[in-house]
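The exercises below concern a single protein chain and the way its parts fit together. Each task is followed by a solution in steps.

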Amino acid sequence: MTGDRRKFDYHGKNILAPMVRVGTLPTRLLALEFGADLVYSEELIDYRLLKCKRVENTLLGSIDYIDAENQILYRTCAAERGRNIVQIGTCSPERAVRVANMIKADVAGIDVNMGCPKEFSIKGNMGAALLTQPERIEAILTALREALPDHLVTCKIRVFDDVEKTIELCKRMEATGVDAIGVHGRTRDERPQHANRNAAIKAVADALRIPVIANGGSSEIRNHEDIDKFRRNCGAAAVMIARQAEENVSIFRKEGMLSWRELVDRYLSAAIVWDNRFPNTKYCIQRILGSLQDSTDEGRKFLHTRCMEDICDIWGFRELFEEKQAQWETGGSLRDIDDDG
Ligand code: FNR
C-alpha cells in the first residue's frame, strides 16, 4: 500500500491494535496470517526512534531500527509490508516529521497515540495529554500529512465524557487530512472494567466523512463473529482489537480460534524464526497462557524459564531453535544485538 494510500479502503477491516511489548514482529505476523488487515506496532516514542540506526539485516531478511544500546526498537520484514502501521508517541510536529522521513520506506503509515493515560505519556505531553490541545494536534497531523502524502496518517484517541466535544475534536482532526481516526470508547480516566461507550463511537462515526476505527470492544469480542457485531454497534468502518488479540491473536481467523496450545506453537516458531529475544518472547507467551501458568504443568515450568532454550524445551522447539542459531552464526553473528522488545 505504500505509495498507494488512496486505494486503501477501511470498510470491514480488522486491525491489530497498538500494544506495548505485545505488538512486536511475531505477534504482528501471526495477526496477518490469521486475517488481520493492518497491524500496528507498539507505541514508539519519537526521540527514542530518532536515536536509532536503520539496519538491513540480511541474515533474517528484516529491517531493524537499533538504538545505541543495541536494543531493537522496531523490526519489520517483507511479509508485513504495506500493512504495517507504526504508532508513535509525540508532542512535537517537528520530531514527528523527522520520524516519518526516517521510517517511511518501511511502513504503510504512521499513527499518533492520543489516548495513552499513563503517567509517562502525560508527563511527556503525549498520549491523552494531547486531547486538550487541539492546536498542537492539528500541527502534528498537518505536518505528518504533508510529509507523507502517499502513506496512511491516522491518530488514536479516547472519547470525552461529552460526545459533542469528542465530535468537535474529531472534525478538527478530519480537517487536517488524516485517513482515519481510531476511537477507544473510554475516557482518559476510565479503565477496562468500565463499559466501552459504543454509542459515543457511533456518534463520531456518523458525524465524520472519514472512516472511524472502533476500539475498546475486547470484553464483548469473544469470537470472530463478535467483531462484526461490535463494528455494527459502533457504526464504524473498521475494528481495532487489543486485549482479545493479546490473549489469542487467532481472533482474526474466520475459521475459528486456535487453542492456547496451537497458538503457543505458532507463536514460538515465529519468535524463533525472527530471532525475537527471550524477555519479549516470554512476555507474549505469558499473555497467551494467562492463568494456565499456575494450573498446568507446562505453565508452571514456563514460569521458571530463563532463556529461549528453556522455553523451547517445554514445547519441543529446541531443534528448530538450534538450527536457526547455527544458520545465523555461520552467516555472521547478530548475538550482540539484545532486544527485549
Ligand atoms: C494497550 N493499549 C495501547 N494503546 C495505544 O494507543 N498504544 C499502545 O502502545 C498501547 N499499549 C497497550 C498494551 C497492552 C498490553 C494493552 C492491553 C493495551 C490500549 C489498546 O490499544 C486499546 O486501546 C485498549 O486495550 C482497548 O481496546 P481492547 O483491549 O478493548 O480491544
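A residue is called buried when its relative accessible area is under 20%, exposed when that area is over 50%, and partly exposed in between (1.4 Å probe, protein chains only). The model is predicted, so that local features need pLDDT of at least 70 and side-chain atom pairs count only at pLDDT 80 or more, while totals for chains, interfaces and linings use all residues. Residues are numbered from 1 along each chain as its sequence is written, and side-chain values use heavy atoms, with hydrogens and water left out.

**Exercise 1. The surroundings of Ser 250**

Determine whether Ser 250 is buried or exposed, and state which residues it touches.

Solution.
- Step 1. Locate the residue: Ser 250 lies in the loop between H9 and H10. Helices (H or I, at least four residues) and strands (E, at least two) are DSSP runs, numbered from the N terminus.
- Step 2. Apply the cut-off: Ser 250 has a relative accessible area of 0% and is therefore buried.
- Step 3. List the contacts, a contact meaning heavy atoms within 4.5 Å. Not counting residues up to four places away in sequence, Ser 250 touches Phe 34, Gly 256, Met 257, Leu 258 and Leu 263.
- Step 4. Compare sequence with space: His 224 is 26 residues from Ser 250 in sequence, and their C-alpha atoms are 8.8 Å apart.

**Exercise 2. The covering of H1**

State how many residues of H1 are buried, and identify the elements against which they pack.

Solution.
- Step 1. Count: 9 of the 10 residues of H1 are buried, and the helix is mostly covered.
- Step 2. Name them: the buried residues are Leu 25, Pro 26, Thr 27, Arg 28, Leu 29, Leu 30, Ala 31, Leu 32 and Phe 34.
- Step 3. Identify the partners: these buried residues pack against E1, strand E2 (38-45), E5, H10 and H11.
- Step 4. Inspect the end of the helix: just after H1, Gly 35 has a positive phi of about 125°.

**Exercise 3. The contact between the domains**

Describe the contact between domain 1 and domain 2 by its area, its salt bridges and its polar contacts.

Solution.
- Step 1. Set the bounds: an automatic or database domain assignment gives domain 1 (5-252) and domain 2 (260-331). Taken over C-alpha atoms, the centres of the two domains are 28 Å apart.
- Step 2. Count the residues: domain 1 contributes 22 residues to the contact and domain 2 contributes 17.
- Step 3. Obtain the area, defined as the accessible area (1.4 Å probe) that two parts lose on being put together, summed over both. The value for domain 1 and domain 2 is about 1,600 Å², with 64% from carbon and sulfur atoms.
- Step 4. Count salt bridges, each being a side-chain nitrogen of Lys or Arg within 4 Å of a carboxyl oxygen of Asp or Glu. There are 2 between the domains. Arg 266 forms a salt bridge with Glu 33, the closest N and O atoms being 2.6 Å apart.
- Step 5. Count polar contacts, defined as pairs of N or O atoms within 3.5 Å; within protein, one atom must be able to donate a hydrogen and the other to accept it, and residues adjacent in sequence count only if both atoms are side-chain atoms. Between the domains, 5 residue pairs are in polar contact (both at pLDDT 80 or more).
- Step 6. Assign the domain 1 side to elements: H1, strand E5 (72-77) and helix H9 (243-247) each give two or more residues. The largest share, 7 residues, comes from H1.

**Exercise 4. Arg 75 and Asp 275**

Establish where Arg 75 lies and which side chain it meets in a polar contact, then examine Asp 275.

Solution.
- Step 1. Place Arg 75: this residue lies in strand E5 and, at 8% relative accessibility, counts as buried.
- Step 2. Find the polar partner: the side chain of Arg 75 makes a polar contact with that of Asp 64 (2.8 Å).
- Step 3. Extend to other contacts: beyond four places in sequence, Arg 75 touches several residues, among them Leu 25, Arg 28, Trp 274 and Asp 275.
- Step 4. Examine Asp 275: this residue lies in the loop between helix H10 (260-273) and helix H11 (278-289). Asp 275 is buried at 5% relative accessibility, and has a positive phi of about 50° although it is not a glycine.
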